[in-house]
Amino acid sequence: MEQLLHYVWKHKIFPFRELRTVDGRAVEVLNPGISNTNAGPDFTGASVKIDGMVWVGNVEVHMKTSDWFRHHHDQDSAYDTIVLHVAAEVDVPLYYPDGREVPQLQLEVPQYVRGNYEQLRLADRMPRCKHVVSGLPAFQIHNWMTSLMLERFEERTRQILARRELLDKDWENTLFVTLARSFGFGINGDAFETWAKSVPMSAVAKHRDSLFQVEALFFGQAGLLEGEGTDDYYLKLQKEYSYLMRKFTLKPIASGVWKFLRLRPQNFPHIRIAQLAMMYYEQRMSLSRLINARTVEEMDALLLTHVSEYWQTRYTFGGRETKVQERALSVPTKERVIVNALAPVLFAYGKYKSDQSLCERAFTLWEQLPPECNKVTREWASAGVVCESAADSQALIQLSSRYCQPRDCLRCRFGYEYIKQTPDLLRENE
């Protein structure tokens with residue numbers, strides 16, 4: 001398993017014996033180098049002492065030396081000056097272009113390392129590294145969590161900038177689509193993004209002084225005005241959308257994308273779309289307002305929305321009437337929208353404009369908001385990793401989605417602590 005051999009070299013998890021080249025020269029690894037993810041040798045800038053002489057350069061790692069030829073490294077000048085070749089099995093000699101023999105180190109993966117890795121990879125419990133993590137110093141956990149939080153912001157930034165490219169590089173549209181996606185709260189996230197991309201904001205701007213027309217445009221593009229008439233308001237919206245559809249050459253999305261199973265009524269797409277329509281009718285949300293909002297309270301004010309009279313007593317078109325409610329966003333809902341949409345857009349815009357103050361403000365928002373309570377945070381709490389803010393819970397979501405679920409323990413700092421444990425230490429932690 002070459003990936004694990006790379007890991008052993010990178011982290012210097014060597015067998016408990018003196019390292020020697022295949023021709024008997026002592027080897028001391030001063031610096032394993034930096035992993036190279038591009039073309040060329042596996043590690044760059046390595047520093048190794050061979051028979052008392054220090055060599056600085058590149059290192060290549062293979063399961064078998066003969067892989068060198070199978071990968072055609074003998075035909076690539078980038079490999080002509082490596083200072084050491086590392087292989088689990090040295091089955092052939094290697095030579096530099098001038099005829100000198102390339103130093104080779106036969107390095108096996110320690111059995112306990114292989115065993116630990118297999119345990120992590122195959123374990124069903126979550127977190128798989130629970131017994132080791134629970135014994136780590138707080139500063140070590142904090143450092144990894146901080147890196148994960150930054151990684152999550154960077155990942156969100158890539159997603160938002162890619163979305164902006166698809167939206168003709170329009171930041172207002174990008175904000176609208178990102179905000180709309182967050183209103184799907186996972187279950188309908190993709191549907192809301194598809195819907196929001198279909199809504200021409202230029203058309204919304206032309207009719208923004210009429211809530212009725214904004215609702216007709218929003219519900220029509222959502223494919224929710226295509227059925228038989230159920231009441232007067234529905235029929236009026238349907239008629240208005242028919243006019244707007246011809247005026248702006250619109251095409252609604254398929255109504256079948258919306259999910260209702262196991263949704264609380266207040267999360268039905270109809271209510272969330274009505275809230276977004278009111279928000280844009282009242283002109284509460286825009287990129288400039290987002291940039292000028294400096295506190296959680298000011299962010300909260302951007303999300304002060306309610307619904308039109310029709311939706312104060314219904315959850316769907318023609319649905320059973322309920323007692324009158326404004327159906328404003330709850331405090332936890334607004335917090336989730338700030339965490340999942342507004343703060344990431346602020347961070348992405350800060351990166352785009354090279355404005356560090358906006359990025360720092362986005363960080364601060366996550367740190368000031370309470371943590372999310374979900375399956376992931378509960379699982380990690382059982383390992384002693386307790387969230388104190390949304391920054392912590394977002395870090396754990398990143399850890400779960402990008403490391404734990406794909407079982408990519410070799411890139412995880414918690415995984416490293418587990419894999420390097422000798423059997424005796426692992427039993428003590430359990």
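K12 is partly exposed, with a relative accessible area of 39%; here buried means under 20% relative accessible area, exposed over 50%, and partly exposed in between (1.4 Å probe, protein chains only). This lysine sits in the loop between α1 and β1, where helices (H or I, at least four residues) and strands (E, at least two) are DSSP runs numbered from the N terminus. Although K12 is not a glycine, its phi is positive, at about 55 degrees. The model is a predicted one, in which local features need pLDDT of at least 70 and side-chain atom pairs count only at pLDDT 80 or more, while totals for chains, interfaces and linings use all residues. Residues are numbered from 1 along each chain as its sequence is written, and side-chain values use heavy atoms, with hydrogens and water left out.

Other backbone features deserve a look alongside K12. K169, in the loop between α5 and α6, likewise has a positive phi, of about 60 degrees, without being a glycine. At 49% relative accessibility, K169 counts as partly exposed. A cis peptide bond, with omega at about -10 degrees, links M126 to P127, and P127 belongs to the loop between α3 (111–122) and α4 (130–133). For context, most residues other than glycine have a negative phi, and most peptide bonds are trans.

Turning to the strands, two of them count as paired if DSSP finds at least two bridges between them. Strand β3 (residues 43–50) runs antiparallel to β1 (residues 27–31), with 4 bridges joining the two; V29 has V48 of β3 as its bridge partner. Strand β2 (residues 34–35) is also antiparallel to β3, through 2 bridges, and I34 is partnered there by T44. Between β3 and β4 (residues 53–64) there are 6 bridges, again in the antiparallel sense, and K49 stands opposite V54 in β4. These strands, β3 and β4, form a hairpin with 2 residues between them, and D51 in the turn has a positive phi of about 55 degrees.

How is the nonpolar interior arranged? A nonpolar core is taken as a set of buried Ala, Val, Leu, Ile, Met, Phe, Trp, Tyr and Cys residues joined through side-chain atoms within 4.5 Å. The largest such core holds 131 residues, and W9, W195, F218 and W380 touch the most other members. Helix α14 (residues 331–353) gives the most to this core, with 11 residues. Apart from it lies another core of 6 residues, including I82, L94, Y96 and V102. W9 offers a good view of the packing: with contact meaning heavy atoms within 4.5 Å, and residues up to four places away in sequence not counted, W9 touches F14, V29, P32, F43, V48, V59, V61, L84, V86, L105 and L107. Both V29 and V48, bridge partners across β1 and β3, are thus on the list of W9 contacts.

Empty space was then examined on a 1 Å grid over the protein atoms alone: a cavity is a set of points where a 1.4 Å probe fits but cannot get out, a pocket is an open set with protein on both sides within 12 Å along at least five of seven lines, and lining residues have an atom within 4 Å of a point. Grid points are joined across faces, edges and corners, and a volume is the space filled by probe spheres set on the points. The largest pocket has a volume of about 890 Å³. Its lining comprises 37 residues, with R152, R156, G186, R336 and N340 nearest the centre. Elements giving two or more residues to this lining are α5 (138–166), α6 (171–183), α7 (189–198), α14 and α17 (390–404). By class, the lining of the largest pocket has 14 nonpolar, 12 polar and 11 charged residues, where Ala, Val, Leu, Ile, Met, Phe, Trp, Tyr, Cys and Pro count as nonpolar, Asp, Glu, Lys and Arg as charged, and the others, Gly among them, as polar.

The second largest pocket encloses about 440 Å³, and Y7, K10, S35, L410 and R411 are the closest to its centre among 18 lining residues. Helix α1 supplies the largest share of that lining, 5 residues. Finally, 1 cavity of 30 Å³ or more was found, with a volume of about 90 Å³. Its lining includes M126 of the cis bond and the core residue W380.
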